[in-house]
Protein chains: 2
Amino acid sequence: MASKNLSRDIEKIAPSTMADVVELRLREYLKRKAFKPGDALPKELELAEALDVSRNVLREALSRLRMLGMIESRKKRGMILAEPDILGGFERVMDPLILDVKTLQDLFELRLVLEMGLADILFARMTDKDLKELEQIVNKEVNKVQKPFKVKHEIAFHGKLYQMTGNDTFRRFQNMLLPVFEYVVSEEAKINGQAKVGKVTHRDLLDLLKKGNPDDFRQGMKEHLSPHFERIRK
Amino acid sequence: MASKNLSRDIEKIAPSTMADVVELRLREYLKRKAFKPGDALPKELELAEALDVSRNVLREALSRLRMLGMIESRKKRGMILAEPDILGGFERVMDPLILDVKTLQDLFELRLVLEMGLADILFARMTDKDLKELEQIVNKEVNKVQKPFKVKHEIAFHGKLYQMTGNDTFRRFQNMLLPVFEYVVSEEAKINGQAKVGKVTHRDLLDLLKKGNPDDFRQGMKEHLSPHFERIRK
DNA sequence: TTTTGTTGATATGTTCTACATAAGGACGAT
DNA sequence: ATCGTCCTTATGTAGAACATATCAACAAAA
């Protein structure tokens, strides 16, 4: 009987298809030639011939780059380099059900780190208008402690915080992160029962934003998230 | 003469190809059916027929999912759902030369936020072994203040910090972020001259890790990165 | 009985051809 | 200068054919 650990001793060969190779080559090509957004690319047939692959294989690779937003193509005009969406690939993959548990844990921690690091940029950028809007969000929370409402308010409050940074990538990023976060929390709850709630409320955080400083706010945020910080001790 | 602002008044129509639609449909299908990693997918021909598209179009969509790591396929065995790499899409797009300036700025800030938020998880996870290795990195920095060395040491030191969190996604993430960061810094330098250096050195940070607490460390980190924090006041 | 070699079936990988379709350019009419 | 018309062209889509890896079943050998 062969060792059951054999699969850990010998690395599995990764069968790479032509589309994989062509995709890589194209990205190298674009980088090497220092194409800028708006620049025109060679025609499909020319690329296919240069790479010595069928137009089909080439198009599979191009389709990938198109998904990432790296290229745009229209009939007759041809293909041009575009400005990719940095979070596009993320968005498609951010599904708690298909990611492995280690990655989910990593993303869970990522959100905690972001919230803790947010303070400085928040204080540098927030406006009075922002604070008023945040206050309205807090006011709506009155006594709605049932589960579904609670999650909704969490999203509204923290989402607003990210939006206040003026950093749109942040905002979108945490919008994608939150479902994962909630998933991890609810899975945790199934095992260890309902998580406790931090002593610092959203209203407390709002007050800290108004009258405090970044460090005070950060301390408040840590306390607010303290039930979740329990998870990282190991 | 028509208004030149017309293009801002009317939204451009986005010509979506069949591959775009099929890709979306497939992702919805996978989600709706609650496929788990390892589950087998229908055959290409069946999918193509069900979607009423040619095998070509279907394969372009499948190629995208394959790139994201969502599916794997082998001859005869067919296709199975896989665990995607959360950062795969990121990696391909993370190129300072093709991203727009706003996104670059956003990513620049993202790194700052990460460094500031890292403290708590760092103190919770770091080991004596880690500290020793970090000390070795700091020791190697002696008097090497020339530009290329400096960057190298920055990467070594901060990279080690991320690795010490035990969060592999962090580590990879910042490895991708750093080139963007360095690019933004060097572009900035072209305009405003060489950036100043923070008063807190790597060795100071190391000492804070050994003897301090998360808040002290965070303050030190903020001071260390203070030249970069200047950029976010606006 | 267990292992190894052979053979056939099958799903993906790749190529080729053909045609549809949108978009640009040239040209002329209004 | 604006609007049609026609032609050209590069991408989008379809379909058929073949190559190739791999599974499964069975047979041969140890």
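User: Which element gives the most to the surface near DNA strand D?
Analyst: α4(A) does, with four residues. Near means that a heavy atom of the residue lies within 4 Å of the strand. Helices are DSSP runs of H or I with at least four residues, strands are E runs of at least two, and both are numbered from the N terminus. This is a predicted model, where local features need pLDDT of at least 70, side-chain atom pairs count only at pLDDT 80 or more, and totals for chains, interfaces and linings use all residues; side-chain values use heavy atoms, with hydrogens and water left out. Residues are numbered from 1 along each chain as its sequence is written, while chains are lettered from A and ligands numbered from 1 in the order in which they are written.

User: Which elements each supply at least two residues there?
Analyst: From chain A, α4 (55-68), β1 (71-74) and β2 (78-81). Chain B adds α4 (55-67).

User: How many residues surround strand D, and which are closest?
Analyst: 22 residues surround it. The closest are Lys43(A), Arg55(A), Arg59(A), Met18(B) and Asn56(B).

User: How much of the contact is sugar and phosphate?
Analyst: Those account for 66% of the atoms of DNA strand D that come within 4 Å of the protein.

User: What classes of residue make up that surface?
Analyst: Four nonpolar, six polar and twelve charged. Nonpolar covers Ala, Val, Leu, Ile, Met, Phe, Trp, Tyr, Cys and Pro; charged covers Asp, Glu, Lys and Arg; the others, Gly among them, are polar.

User: Which side chain has an N or O atom 2.8 Å from a base nitrogen of strand D?
Analyst: Arg55(A). That is a polar contact, a pair of N or O atoms within 3.5 Å; within protein, one must be able to donate a hydrogen and the other to accept it, and residues adjacent in sequence count only if both atoms are side-chain atoms. Lys76(A) puts a polar side-chain atom 3.0 Å from a sugar or linking oxygen of strand D. A polar backbone atom of Met18(B) is 2.8 Å from a phosphate oxygen of that strand.

User: Now strand C. Which residues come nearest?
Analyst: Met18(A), Asn56(A), Lys43(B), Arg55(B) and Arg59(B), out of 20 residues around DNA strand C. Of its atoms within 4 Å of the protein, 67% belong to sugar or phosphate and the rest to bases.

User: Which phosphate contacts does strand C have?
Analyst: Among them are two to backbone atoms: Ser54(A) at 3.0 Å and Glu44(B) at 3.1 Å. The side chain of Lys43(B) has an N or O atom 3.0 Å from a phosphate oxygen. By class, the surface near strand C divides into three nonpolar, five polar and twelve charged residues.

User: Switching topic. How many aromatic pairs are there over all chains?
Analyst: Ten. Rings of Phe, Tyr and Trp (its six-membered ring) pair if their centres lie within 6.5 Å; planes under 30 degrees apart are stacked, over 60 edge-to-face, and the rest tilted. Phe108(A) and Phe181(A) are stacked, 4.5 Å centre to centre with 5° between the planes.

User: Why does that pair tie together parts 73 residues apart in sequence?
Analyst: Because Phe108(A) lies in helix α6 (residues 101-117) and Phe181(A) in helix α10 (residues 168-192) of chain A.

User: Is Phe108(A) buried or exposed?
Analyst: Buried, at 1% relative accessibility. Buried means under 20% relative accessible area, exposed over 50%, and partly exposed in between (1.4 Å probe, protein chains only). Phe181(A) is buried too, at 3%.

User: What kind of pair do Phe123(A) and Phe217(A) form?
Analyst: Edge-to-face, with centres 6.1 Å apart and 70° between the planes. Phe123(A) is in helix α7 (residues 119-125) and Phe217(A) in helix α12 (residues 214-224), 94 residues apart. Both are buried.

User: Which rings are linked into a cluster?
Analyst: Ring pairs link Phe90(A), Phe173(A), Phe90(B) and Phe173(B).

User: What lies over the face of Phe181(A)?
Analyst: Arg111(A), at 4.3 Å from the ring centre. The rule is NZ of Lys or CZ of Arg within 6 Å of the ring centre and within 35 degrees of the ring normal. Lys222(A) has its charged end over Phe229(A), 5.9 Å from the centre.

User: Backbone next. What is the phi of Lys76(B)?
Analyst: Positive, about 70°, although it is not a glycine. Lys76(B) sits in the loop between β1 and β2 of chain B. It is exposed, at 87% relative accessibility.
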